[in-house]
Amino acid sequence: MGDFFRGLFGGQKPVASEAGTDDDFADFASAPSPSPIYSSPSDSSVAPTAATFPEHEALPTGAAKVPYTKWYRVWERTSPSDFYAEAVVIPFILVLALLHVWGRRKNKRKAGVWIAAHAPSVEKEFASIGFDKRKGLSDYGEDLGGLLKEKSAQEYVTYATGRQNVAFVDFKVKLFKRYNPISLAAETALSFLFETIRQPKEVMEATMYAFDGKEKELVPVKSKAELDAKDSRFKGMPNSGYDACVWAVVHKEQMKGLRDERYDVSLTATKDHKNLPQWASVMSESAEVTETLLTKDLVEAVEQAGDAFEYLIVTDQPVDKPAKLNEATPRKRVILSLRLPSSMHASAYKPTLPIFECFLRMPDTLVATAHFRGEVTRKIRATREEETRKLKKADEGEKAEERRLEAEKKKKEMRDTRLKGLSADEQRKFLEREREKGQKKQEKKMSRKA
């Protein structure tokens, strides 16, 4: 009772014993009081004290210190074994990048060496070299690499025009994929396993397009005055036309590949010639064509070029077999292909310069001598007319098939329109009659086969 009055009037309450008498809370009676844990330095609502972190010294009033953890010390939670993959991948990527840069620069230097060795010969024969407005080599100075245009990292091209009997000539320098050694190695390996895959090689291919008496059509003009001047200039010039033919001097290692890849060469017959070395052969439509075009200078140039020579082709037919009549239009061209030497010096191209110069002068030889007897011309023309007839027949068959399909389409549309205008009973009778007609046609076909 005394305790009640003392509590009512603000007296001190009796302190409960730590042991407690309630059995349900016996486990919690002896548990220590939890101490606060500071997991984030941004939590500054309660300042840490020395009692909280006894291993540290007392902190100044209001200061917050980040507790020690390995997350902020990378060198303590990692080891060199964690970076084995990076140690392999990063050097591999760096090596590929360096090879790519080196390969592109090496290809560019090699193309520059080629143009430096051949540009003087081209300048002697053509008024303009290169794609820009500069006309001669003196306009380029020592940097003859400006004559070339980089079509890709492995192919460089240039162009020349301004010569009698020639509309223009394209030069292509095709090099190894030095910038991509993995692809180069794969192509080389596959070429040994499959005959259809050609072995990578470095070549120069030049294609010369003849005027063939069409100077007025091919030379561009910008005004009527230029047109009148062009007419007067070409009026007194000799005719630049010559008889159409397909003729080639080919290295024997290239013969099979040429027949498979080029349609025009497939029209010829292959024969050895006594004047040519054993490793070279002639592909021609007529023996008279060979005797006319195979000059002494050309034979000597082929012998001097040696294994660097691949082929020299005179043609008027397309490379790919024409599928339509408009693709079979004759276009007279002269094509030369030469292997490039491995050396990076201009002197390495001396053996192939004679055949290159013969190629540049070949249109003059054709205009002067390629006028064959009527019998030879008729034989060559008959071959082309036979190919033209095949194309016409195939074209007429395609047109007949198109007309048949169009007629069937119109007939079906008329049937559907008529069927929509009938009643349900009339439609049923119409379909029955169609089915009976179809059965009768089928029976007639079966009886004819029997």
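Select V203 first, and then R339 in strand β10, which is the bridge partner of V203; helices and strands here are DSSP runs (H or I over at least four residues for helices, E over at least two for strands), numbered from the N terminus. The model is a predicted one, in which local features need pLDDT of at least 70 and side-chain atom pairs count only at pLDDT 80 or more, while totals for chains, interfaces and linings use all residues. Residues are numbered from 1 along each chain as its sequence is written, and side-chain values use heavy atoms, with hydrogens and water left out.

Widen the selection to strand β5 (residues 203-210), which pairs with β10 in the antiparallel sense over seven bridges; two strands are said to pair if DSSP finds at least two bridges between them. Next add strand β9 (residues 309-315), which runs antiparallel to β10 and is joined to β10 by six bridges, and pick out F309, whose bridge partner in β10 is L338. Strand β10 itself (residues 333-339) is largely enclosed by the rest of the structure, because six of its seven residues are buried (under 20% relative accessible area, with exposed meaning over 50% and partly exposed in between, for a 1.4 Å probe and protein chains only).

Move now to A244, in the loop between α7 (224-235) and β6 (247-251). A244 counts as partly exposed, at 26% relative accessibility. Leaving aside residues up to four places away in sequence, A244 touches D316, K332, I380 and R384, where contact means heavy atoms within 4.5 Å. Of these, I380 lies 136 residues from A244 along the chain, yet their C-alpha atoms are separated by 7.8 Å.

From K332, turn to Y242: K332 lies over the face of that ring, at 4.6 Å from the ring centre (NZ of Lys or CZ of Arg within 6 Å of the centre and within 35 degrees of the ring normal). A further example is K149, whose charged end sits over the ring of F131, 4.4 Å from its centre.

Finally, display the aromatic side chains, among which a search of the whole structure finds seven pairs (Phe, Tyr and the six-membered ring of Trp, centres within 6.5 Å; planes under 30 degrees apart are stacked, over 60 edge-to-face, the rest tilted). The W114 and F171 rings have centres 6.0 Å apart and planes at 50 degrees, so this pair is tilted. It links W114 in helix α4 (residues 84-125) with F171 in strand β4 (residues 166-174), 57 residues apart, and both W114 and F171 are buried.
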